[in-house]
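Hi,

Here's the structure I promised to pass on. Have a look at it first, then read my notes underneath.

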Amino acid sequence: MPTLRSKVLVLATGGTIAGVATAAATDAGYRAGVLDVASLLASVPGIELLAEIRSEQVCNIDSKDLDPPLWGELVRRVQRWRDDEGGACVICHGTDALEETAYALHCLLPPGPAVVLTAAMLPATALSADGPRNLYDAVRVAVDAGATGRGVLCVLHGTVHGARDASKVHAPRVDAFDSGPRGPLGQVDGGGVRFTRIDPGAFAPPLALPTHWPRVELVCSHAGADGAVVRALLAQQRGGSLRPALAGLVVMGTAGGTVHAALQAALDEAAAAGVRVVVAPRHGNIDGGAYDGLNAVKLRVRMLLELAQQPTRQRPQPPQ
Ligand code: SIN
């Protein structure tokens, strides 16, 4: 009797997992986002035994170049697949901005079949390329019954991270991702998929898919931070030339979220002009506070999505 096989949609967006170099042992001639999704799947022997795989090429970019509308495109494709086939999704992505996409999708997608992001640190042409293994593991996690209802997951180097905590912290290393003090959600290895932690704090009702993307800028408090960047933005805003208008500022503070007094004065001017201002700790992942340990980059994603929920007329307008 034929068994019912899980269906998994693999969405490819580029990154090093689809990257090539001209040498196998160095990154000479390296380019991200070259190979198509069919090539990625062809490099993973046995992946077809894990699930019935379908695939779509969404784009083929270096993730440092991604723009928020890509999150909208991914949400629409995941939703369509869920509606049509009720299956899980694996998203192949670059590592550099993976934490932003993972967290944006985590905030936007309602609970449902698993959504797993994966990536690679070494291009597909490298000795010991990590992409095929990561893609294989991502599909294993996606079809695992324990993966459902945990929010968006990130699978790299045998580790299952939650989207709220995952962060690329070691630029040159194959085990580049870390989940900070809360730790990863599980492992995937020769022994199978094992979830070791649930993260009840990670869930909030999904936000609506934005129809516009407000401007939320990230500024840093540091020695000598005098607020000039903030005031330059406000001057452009007053002149009416900043499009979209500045709706929010996330400040990467010093240490646990302290801010230079001179920068604070400029932030107060921004707040008085209707700009939403939030301060994040320098390294994130500190429990507690309004945004519960999000790093500044993810806090910016959250603020962007929250401000995008407001109708256009409530967004700050430049003074007349
Ligand atoms: C990228 O983020 O697209 C390039 C770097 C990587 O995937 O490791």
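A backbone N or O atom of Ala120 is 3.3 Å from an oxygen atom of the ligand, which fits the cut-off for a polar contact (a pair of N or O atoms within 3.5 Å). Keep in mind that this is a predicted model: local features need pLDDT of at least 70, side-chain atom pairs count only at pLDDT 80 or more, and totals for chains, interfaces and linings use all residues. Residues are numbered from 1 along each chain as its sequence is written, and side-chain values use heavy atoms, with hydrogens and water left out.

Back to the ligand. A polar backbone atom of Thr16 lies 2.9 Å from a ligand oxygen, and for Asp62 a side-chain N or O atom is 3.2 Å from an oxygen of the ligand. The protein buries 95% of the 250 Å² that the ligand exposes when taken alone (Shrake-Rupley method, 1.4 Å probe).

Who else is around the ligand (a heavy atom within 4 Å)? The residues there include Gly15, Tyr30, Ser63 and Lys168.

Now the chain itself: the domain assignment gives domain 1 (7–203) and domain 2 (215–307), with bounds from an automatic or database assignment. Their contact (heavy atoms within 4.5 Å) takes 18 residues from domain 1 and 13 from domain 2. The C-alpha centres of the two domains are 29 Å apart.

Cheers

Notes. A residue is near a molecule or strand if one of its heavy atoms lies within 4 Å of it. A polar contact is a pair of N or O atoms within 3.5 Å; within protein, one must be able to donate a hydrogen and the other to accept it, and residues adjacent in sequence count only if both atoms are side-chain atoms.
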